[in-house]
Amino acid sequence: MNVNLLDLKTQNGALEPELREAFLRVLRSGHFILGPEVEKFERALTEFTGAKYALGVSSGTDAILVALMALEIKPGDEVLCPSFTFFATAGCVARIGAKPVFVDSCPVCFNLDLRDAARRITPRTKAILPVHLFGQMADMNGVLALAAQHGLRVIEDAAQAMGATYHDKQAGTMGDFGTISFFPSKNLGALGDAGALLTNDDALFAKAKILRLHGMDPKYYHQVVGGNFRLDALQAALLGVKLPHFNSYTDGRRRNAALYTEQLSKLHGARIAQAADCSCAQDANAKETARLILPVACPNHGHIWSQYTLRVIGSGARDAFRTHLTAKGIGSEIYYPLPLHEQACFADLGYKPDVFPWAHRLASEVVSLPIYPEIPTEQIEQVCNAIAEFLAS
């Protein structure tokens with residue numbers, strides 16, 4: 001039996017009658033951009049996250065872009081962001097003419113290394129953009145303390161972490177802005193592109209709302225240059241159907257993560273990541289005796305397991321591991337095979353590959369396993385058996 005990395009049909013299929021009803025409601029309303037459906041979903045999102053304001057936008061990427069524009073980050077400004085993450089984070093910084101200043105990552109939680117971030121602050125640094133990677137929040141107390149010390153604004157990239165918590169506070173609600181993606185594969189997935197912006201600041205919300213609609217306020221009068229960052233009414237209506245089921249989706253992912261960890265931690269050559277492995281305590285070139293390192297939920301973190309990401313240790317071992325899984329009919333994915341500081345589009349920033357040793361190393365080690373909520377238990381056991389075979393070889 002093949003094991004897919006992700007199966008969107010099962011989750012959406014279970015809600016087909018409600019999704020059809022939402023589609024027909026929007027179709028018959030004749031109101032397709034913003035409007036009542038978007039406003040209703042925004043209210044539901046504030047209730048779920050605890051943020052004062054939620055603004056529906058066209059994508060998680062555009063949410064970051066609007067946040068940067070609302071905070072008036074300008075050409076020549078610098079924004080700290082991790083190198084080991086998806087492109088959109090730094091791409092948005094570059095699009096507004098600012099400079100992404102990359103930061104190394106922690107091999108335990110995969111989030112940005114605050115000690116490295118502190119070393120890279122200059123008089124031109126205006127903001128820090130932590131990414132809550134793979135469904136676990138960054139050390140936000142540390143991020144906020146660093147930002148306060150240097151007068152920086154904070155944008156949480158929570159594209160992969162809606163519903164995750166840090167000391168009982170929701171992802172996206174602790175900085176000046178939080179950004180969320182509803183890309184179909186996310187823990188709460190739309191049926192197309194969609195995103196949201198969270199904030200607790202009245203003035204920032206008002207500014208972001210104007211920027212969402214070409215900087216227009218009132219109609220046809222433009223106070224600033226904004227963009228077309230509007231959320232479709234249809235996507236808002238469909239997301240409104242799925243949001244009440246989000247906690248059950250999270251329960252499924254947590255259950256699956258626990259099963260993986262229980263089964264895989266028993267295998268010879270595998271171990272669970274420990275706090276002592278964090279980047280401030282271990283050299284990236286240090287020898288590792290385990291062949292497989294399992295992810296962990298850090299203390300005071302509510303991990304939502306967007307991904308279950310392993311580290312496969314040894315030169316070429318990750319590729320051999322994936323080849324083995326593929327031969328067994330098991331899907332997997334590498335998030336991300338090349339850190340941002342090594343991407344061709346950022347070559348002019350002058351970074352050398354080894355300047356961020358953990359980002360460089362993680363990109364050659366990580367691989368994510370199927371963990372979507374609806375995956376059958378027997379398929380997880382099938383994955384674990386295949387991994388056991390790999391480690392025994």
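Where is Asp-168 found? Select this residue to begin the tour, keeping in mind that the model on the screen is predicted.

**Two residues with a positive phi**

Asp-168 is found in the loop between strand E6 (165-166) and strand E7 (169-170). Its relative accessibility is 75%, and because anything over 50% counts as exposed, Asp-168 is classed as exposed. Look next at its backbone, where Asp-168 has a positive phi of about 70 degrees although it is not a glycine. Most residues other than glycine have a negative phi, and most peptide bonds are trans.

Now select His-214, which you will find in the loop between helix H8 (202-212) and helix H9 (233-242). His-214 also has a positive phi, of about 60 degrees, although it is not a glycine. With a relative accessible area of 36%, His-214 is partly exposed, because its value lies between the limits of 20% and 50%.

**Two cis peptide bonds**

Stay in the loop between H8 and H9 and select Pro-218, which has its place there. The peptide bond that joins Asp-217 and Pro-218 is cis, with omega about 0 degrees. A second place to visit is the bond between Tyr-335 and Tyr-336, which is also cis, with omega about 15 degrees. Tyr-336 is found in the loop between helix H11 (317-327) and helix H12 (357-365).

**An enclosed helix**

Select residues 233-242 to bring up helix H9, in which eight of the ten residues are buried, so that the helix is largely enclosed by the rest of the structure. The buried residues of H9 are Ala-233, Gln-235, Ala-236, Ala-237, Leu-238, Leu-239, Val-241 and Lys-242. To see what covers them, show the helices around H9, including helix H1 (8-14), helix H2 (16-29), helix H3 (36-49) and helix H10 (246-264).

**The nonpolar cores**

In soluble globular proteins, nonpolar side chains tend to be buried together. The largest nonpolar core of this model has 69 residues, and those with the most contacts inside it are Leu-68, Ile-73, Phe-84, Phe-102, Ile-128, Phe-177 and Leu-197. Helix H4 (60-70) gives the most to this core, with seven residues. Apart from it lies another core, of 28 residues, among them Leu-259, Leu-292, Ala-317 and Leu-325.

Return to Phe-84 and show what surrounds it. Leaving aside neighbours within four places in sequence, Phe-84 is in contact with ten residues that you can select one by one: Ser-105, Phe-110, Leu-133, Phe-134, Tyr-335, Tyr-336, Ala-359, Leu-362, Ala-363 and Val-366. Phe-84 also belongs to one aromatic cluster, which it forms with Phe-86, Phe-110, Phe-134, Tyr-335 and Tyr-336.

**Aromatic pairs**

How many aromatic pairs does a search of the whole structure find? The search finds 15. For one of them, select Phe-102 and Phe-346, whose ring centres are 5.4 Å apart and whose planes stand at 70 degrees, so the pair is edge-to-face. Phe-102 lies in strand E3 (residues 99-103) and Phe-346 in the loop between H11 and H12, so this pair ties together parts that are 244 residues apart in sequence. Both Phe-102 and Phe-346 are buried.

Then select Tyr-351 and Phe-356, which form an aromatic pair that is tilted, with 5.4 Å from centre to centre and 50 degrees between the planes. Tyr-351 and Phe-356 are both buried as well.

**The largest pocket**

The largest pocket has a volume of about 580 Å³, and its lining is made up of 30 residues. Select Gln-160, Phe-183, Ser-185, Lys-186 and Tyr-336, which are the lining residues that lie nearest the centre of this pocket. The elements that give two or more residues to the lining are H4 and helix H5 (88-95), and H4 gives the most, with three residues. By type, the lining divides into 15 nonpolar, eleven polar and four charged residues.

**A last stop at Gly-76**

Finish at Gly-76, in the loop between H4 and strand E2 (78-82). Gly-76 has a relative accessible area of 46% and is therefore partly exposed. Not counting residues up to four places away in sequence, Gly-76 touches Gly-97, Ala-98 and Arg-124. Add Lys-99 to the view: Gly-76 and Lys-99 are 23 residues apart in sequence, and their C-alpha atoms are 6.5 Å apart in space.

Definitions and conventions. Residues are numbered from 1 along each chain as its sequence is written. This is a predicted model: local features need pLDDT of at least 70, side-chain atom pairs count only at pLDDT 80 or more; totals for chains, interfaces and linings use all residues. Side-chain values use heavy atoms; hydrogens and water are left out. Helices (H or I, at least four residues) and strands (E, at least two) are DSSP runs, numbered from the N terminus. Buried means under 20% relative accessible area, exposed over 50%, partly exposed in between (1.4 Å probe, protein chains only). Contact means heavy atoms within 4.5 Å. A nonpolar core is a set of buried Ala, Val, Leu, Ile, Met, Phe, Trp, Tyr and Cys residues joined through side-chain atoms within 4.5 Å. On a 1 Å grid over the protein atoms alone, a cavity is a set of points where a 1.4 Å probe fits but cannot get out, and a pocket is an open set with protein on both sides within 12 Å along at least five of seven lines; lining residues have an atom within 4 Å of a point. Grid points are joined across faces, edges and corners, and a volume is the space filled by probe spheres set on the points. Ala, Val, Leu, Ile, Met, Phe, Trp, Tyr, Cys and Pro count as nonpolar, Asp, Glu, Lys and Arg as charged, and the others, Gly among them, as polar. Rings of Phe, Tyr and Trp (its six-membered ring) pair if their centres lie within 6.5 Å; planes under 30 degrees apart count as stacked, over 60 as edge-to-face and the rest as tilted.
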